[in-house]
Amino acid sequence: MKISMLQEGEVMQGVSYAQRYEEMIAEVALADKMGFHAWGTSEQKFSPPRFTVSAPEVLYAAIARETQNIKLRVMCSVLLKWNHPLIVAERLATLDIVSGGRAEIGTARSNNLHTLSTFGVDPKDTKAMWADSLEVLAKAMTSSKISHDGPFWQFEERELVPYFVSDPRPAISVAASSASSCKEAGQRGIGAMLFESYFGFDYMQGCVDGYHEGVAEGTSMLPHRNDTMGLYVASAFCHPDRDTAIDKARDVVLGYAEFIAGLYAPLAKKKSYEYLDEHMARFLKKQADMDFLVNETPSVLVGTPEDFIERIKDLKERGVDEVLLRIDGMPHKDIMESIQLIGEEVIPVFSEGST
């Protein structure tokens, strides 16, 4: 079981973007020392204060120089028309070089109507546009010289400069929130990073099972498969005392759940996102219920190291290979203490050779 971390530069009142970025760099450096498998941030536009990393490739370069072992995974690059896949490939190859072969990439088709409208993207087109961009990215993993004639991208042969140093190439995955998307990821030979959208463990299990069904088909669009089934935990915080952990994390847990409710409720009415609609009603009734969020959804992991170990063991038995913990939106000191506690008491339980 891999334990990784995701952050999005969430700023608290009185904290500047510059301060939060410096804090994040220090937090990733600590996560590296504590044995976290990977770190990443999402590409988000126009959505402060919860999301402030709009140019992740610049931040990754700074972090690459402050870390030694931790994988640096873009979580995620939105493969729509404002991100030409050739540019995405160039940035990824550059990160691969400056990190000494530690680069990985997660892809996405966006779930933010605010961003989609800004760049003139119709939600019904996002899945097909993502798929065409992924084809280009897959070609870039095979050869430095590529051409493409797809429904959204067309170009004559071009040489990718610089080119990747790692072999095998950086692992590719996709942010997924449905069983069908997870199954498709398994069929394509790429990893899945599931956000079950607070719909519960049964919903999560259906998605995990779907991924493994896709993997079992044995197909791949890449020369090297990535068979990692990851789970995105939207709010995570570890403290020696459970009640204290819940009290400290309450605002960020409830705030993030409120944000997701506001994001997904209208999105679920759009074509190609209808699968969300039938599950939203229950979540909308429970979004402010801390007990529900902590105990009945995989999207929140708040408690003691023992709570983390128990939950992660259960996820492992269910077929999850990696947990992606969003530890963000809290004072820097608390985040650092949580990272250290997880590193000292949780990660060793799941390290190679442990029982």
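In the predicted model, helix 3 comprises 14 residues (residues 85–98), which at 1.5 Å a residue should span 20 Å, and the C-alpha atoms at its ends are indeed 20 Å apart, in agreement with that expectation. The buried residues of this helix are P85, L86, V88, A89, L92, A93, L95 and D96. These buried positions of helix 3 pack against two other helices, helix 2 (56–64) and helix 5 (126–140), and against strand 3 (71–78), strand 4 (103–108), strand 5 (145–149) and strand 6 (154–159). Just after helix 3, the backbone at G100 adopts a positive phi of about 70°.

Strand 3, one of the packing partners of helix 3, contains C76, and the peptide bond that leads from M75 to C76 is cis, with omega near 10°. A cis peptide bond also joins V161 to P162, with omega near -5°; P162 is placed in the loop between strand 6 and strand 7 (172–176).

Positive phi values in residues other than glycine are found at S197, where phi is near 60°, and at Y198, where phi is near 65°. S197 belongs to the loop between strand 8 and helix 7 (201–216), and Y198 is likewise placed in the loop between strand 8 and helix 7. With a relative accessible area of 0%, S197 is buried, and Y198, with a relative accessible area of 1%, is buried as well.

Y198 is also among the residues that touch the most other members of the largest nonpolar core, a set of 111 residues in which I3, F36, L325 and I342 share this distinction. Helix 8 gives the most to this core, contributing 11 residues. When residues up to four places away in sequence are not counted, F36 touches I3, S4, M5, A31, I70, I339, I342, G343 and I347, so that two further residues of the core group named above, I3 and I342, appear among its contacts, on the basis of heavy atoms within 4.5 Å. Apart from the largest core lies another, of six residues, which include V78, L80, L116 and V121.

The largest pocket has a volume of about 240 Å³. Its lining consists of 21 residues, of which H37, R73, E104, A171 and N226 lie nearest the centre of the pocket. At least two residues of this lining are supplied by each of strand 3, strand 4 and strand 8 (191–194). By class, the lining of the largest pocket divides into seven nonpolar, eight polar and six charged residues.

Enclosed space was examined separately. Two cavities of 30 Å³ or more are counted in the model, and the second largest cavity has a volume of about 40 Å³. The residues that line the second largest cavity are A234, S235, A236, F237, A249, V252, V253, V302, R326, D328 and M330. Strand 10 (235–238) and helix 8 (242–267) are the elements that give two or more residues to this lining; helix 8 is also the element that gives the most to the largest nonpolar core. The lining of the second largest cavity has eight nonpolar residues, together with one polar and two charged residues.

Key:
Residues are numbered from 1 along each chain as its sequence is written. This is a predicted model: local features need pLDDT of at least 70, side-chain atom pairs count only at pLDDT 80 or more; totals for chains, interfaces and linings use all residues. Side-chain values use heavy atoms; hydrogens and water are left out. On a 1 Å grid over the protein atoms alone, a cavity is a set of points where a 1.4 Å probe fits but cannot get out, and a pocket is an open set with protein on both sides within 12 Å along at least five of seven lines; lining residues have an atom within 4 Å of a point. Grid points are joined across faces, edges and corners, and a volume is the space filled by probe spheres set on the points. Helices (H or I, at least four residues) and strands (E, at least two) are DSSP runs, numbered from the N terminus. Ala, Val, Leu, Ile, Met, Phe, Trp, Tyr, Cys and Pro count as nonpolar, Asp, Glu, Lys and Arg as charged, and the others, Gly among them, as polar. The expected span of a helix is 1.5 Å times one less than its number of residues. Buried means under 20% relative accessible area, exposed over 50%, partly exposed in between (1.4 Å probe, protein chains only). A nonpolar core is a set of buried Ala, Val, Leu, Ile, Met, Phe, Trp, Tyr and Cys residues joined through side-chain atoms within 4.5 Å.
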